[in-house]
Amino acid sequence: MWRLRAGYAEAFSNPSLIEFYLDEVVPDPYPITLEPNFDLTPERNRTWELGYRFEAMTRLHLDVTLFSQKLEDSVIFQTTGYVEGTSLPDSFQFQNDPATERTQGAELSIRALLASRFTALAAYTYQDATS
């Protein structure tokens with residue numbers, strides 16, 4: 001018996017209140033400023049998956065899955081300033097990352113029923129991520 005499955009999803013994640021409104025000065029070891037950012041936009045995510053399952057007499061299962069994910073406008077914690085004359089950061093802010101992150105890959109798993117109470121399972125995932 002075999003089964004084919006497919007899925008597609010789109011999602012978004014709004015920035016948190018802390019990411020919008022964080023406005024603080026940390027005094028030690030030197031003043032560090034955490035700045036608010038009211039221009040943040042939601043993170044956007046698109047995902048698809050395509051899979052195949054083969055079952056042989058309920059004793060052997062083979063799964064193969066291909067997947068891809070695209071993430072845009074992810075929220076990152078970014079350095080926005082440095083102590084004058086040094087490379088020490090002194091101010092930070094949450095910002096949208098202009099880069100698009102992509103993850104794609106494949107998964108393979110094999111499950112075999114060896115005896116009434118023993119099952120062997122092997123799985124492998126290949127993943128390629130870029131930003």
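These are my notebook entries on a predicted model of a protein, going from the whole chain to single residues.

**Entry 1: the overall layout**

I began with the secondary structure, and I noted one helix and nine strands in the protein. Reading from the N terminus, I wrote the order of the elements down as β-α-β-β-β-β-β-β-β-β. I then looked up the radius of gyration, which is 23 Å, well over the 14 Å that the globule rule gives for 131 residues, so the protein is more spread out than a compact globule. For the outline along the principal axes, I recorded that the C-alpha atoms fill a box of roughly 70 × 30 × 25 Å.

**Entry 2: surface, contacts and charges**

Next I asked myself how many of the 131 residues count as buried. I found that 22% of them do. The protein exposes about 9,400 Å², and I noted that carbon and sulfur atoms supply 58% of that area. Turning to contacts with a separation of 6 or more, I saw that residues 24 or more positions apart account for 60% of them. I also looked up the charges, of which 10 are positive and 19 negative, and the mean positions of these two groups are 24 Å apart.

**Entry 3: the end of strand 5**

I went on to strand 5, which covers residues 60-72 and holds glutamate 72. Is this glutamate 72 buried or exposed? Its relative accessibility is 14%, and because the limit for a buried residue is under 20%, glutamate 72 counts as buried. Leaving aside neighbours within four places in sequence, I listed the contacts of glutamate 72 as Pro42, Glu43, Arg44, Arg46 and Thr100.

Leucine 71 is also found in strand 5, and at 18% relative accessibility leucine 71 counts as buried. With neighbours within four places again set aside, leucine 71 is in contact with Glu43, Arg44 and Asn45, and also with Ala99, Thr100 and Glu101. I also checked one long span from here: leucine 71 and glutamate 24 are 47 residues apart along the chain, and their C-alpha atoms are separated by 29 Å.

**Entry 4: aspartate 73 and proline 42**

Moving along the chain, I came to aspartate 73, which lies in the loop between strand 5 and strand 6. I noted that phi of aspartate 73 is near 60°, a positive value in a residue other than glycine. Aspartate 73 has a relative accessible area of 22% and is partly exposed.

I then looked up proline 42, which is found in the loop between strand 3 (32-35) and strand 4 (43-56). Which residues does proline 42 contact, leaving aside its neighbours within four places in sequence? I found Phe12, Ser13, Asn14 and Pro15 on the list, together with Glu72 and Asp73. At 30% relative accessibility, proline 42 counts as partly exposed. From C-alpha to C-alpha, proline 42 and glutamine 104 are 22 Å apart in space, with their positions 62 residues apart in sequence.

**Entry 5: aromatic rings**

For the rings, I noted a count of five aromatic pairs. In one of them, the rings of phenylalanine 77 and phenylalanine 94 have their centres 4.9 Å apart and their planes at 55°, so the pair is tilted. This pair links distant parts of the chain, as phenylalanine 77 is in strand 6 (residues 75-82) and phenylalanine 94, 17 residues apart from it, is in strand 7 (residues 89-96). I compared the exposure of the two partners: phenylalanine 77 is partly exposed at 46% relative accessibility, whereas phenylalanine 94 is buried with a relative accessible area of 16%. Elsewhere I found a cluster in which ring pairs link Phe20, Tyr21 and Phe38.

**Entry 6: valine 26**

My last stop was valine 26, which lies in strand 2 (residues 24-26). At 33% relative accessibility, valine 26 counts as partly exposed. Not counting residues up to four places away in sequence, I saw that valine 26 touches Pro31, Ile32 and Leu34. I closed with one more span, from valine 26 to threonine 103, which are 77 residues apart along the chain and whose C-alpha atoms are separated by 36 Å.

Key. Residues numbered from 1 in each chain as written. Predicted model: local features only at pLDDT ≥ 70, side-chain atom pairs only at ≥ 80, totals over all residues. Heavy atoms only, no water. Helix = DSSP H or I, 4+ residues; strand = E, 2+ residues; numbered from the N terminus. Rg over C-alpha atoms; globule rule 2.2 N^0.38 Å. Buried < 20%, exposed > 50% of the residue type's maximum accessible area, 1.4 Å probe, protein only. Contact = heavy atoms within 4.5 Å. Areas by Shrake-Rupley, 256 points an atom, 1.4 Å probe, with all protein chains shown as cover. Lys, Arg positive; Asp, Glu negative; His and termini not counted. Charge placed at Lys NZ, Arg CZ, Asp CG, Glu CD. Phe/Tyr/Trp six-rings, centres within 6.5 Å; stacked < 30°, edge-to-face > 60°.
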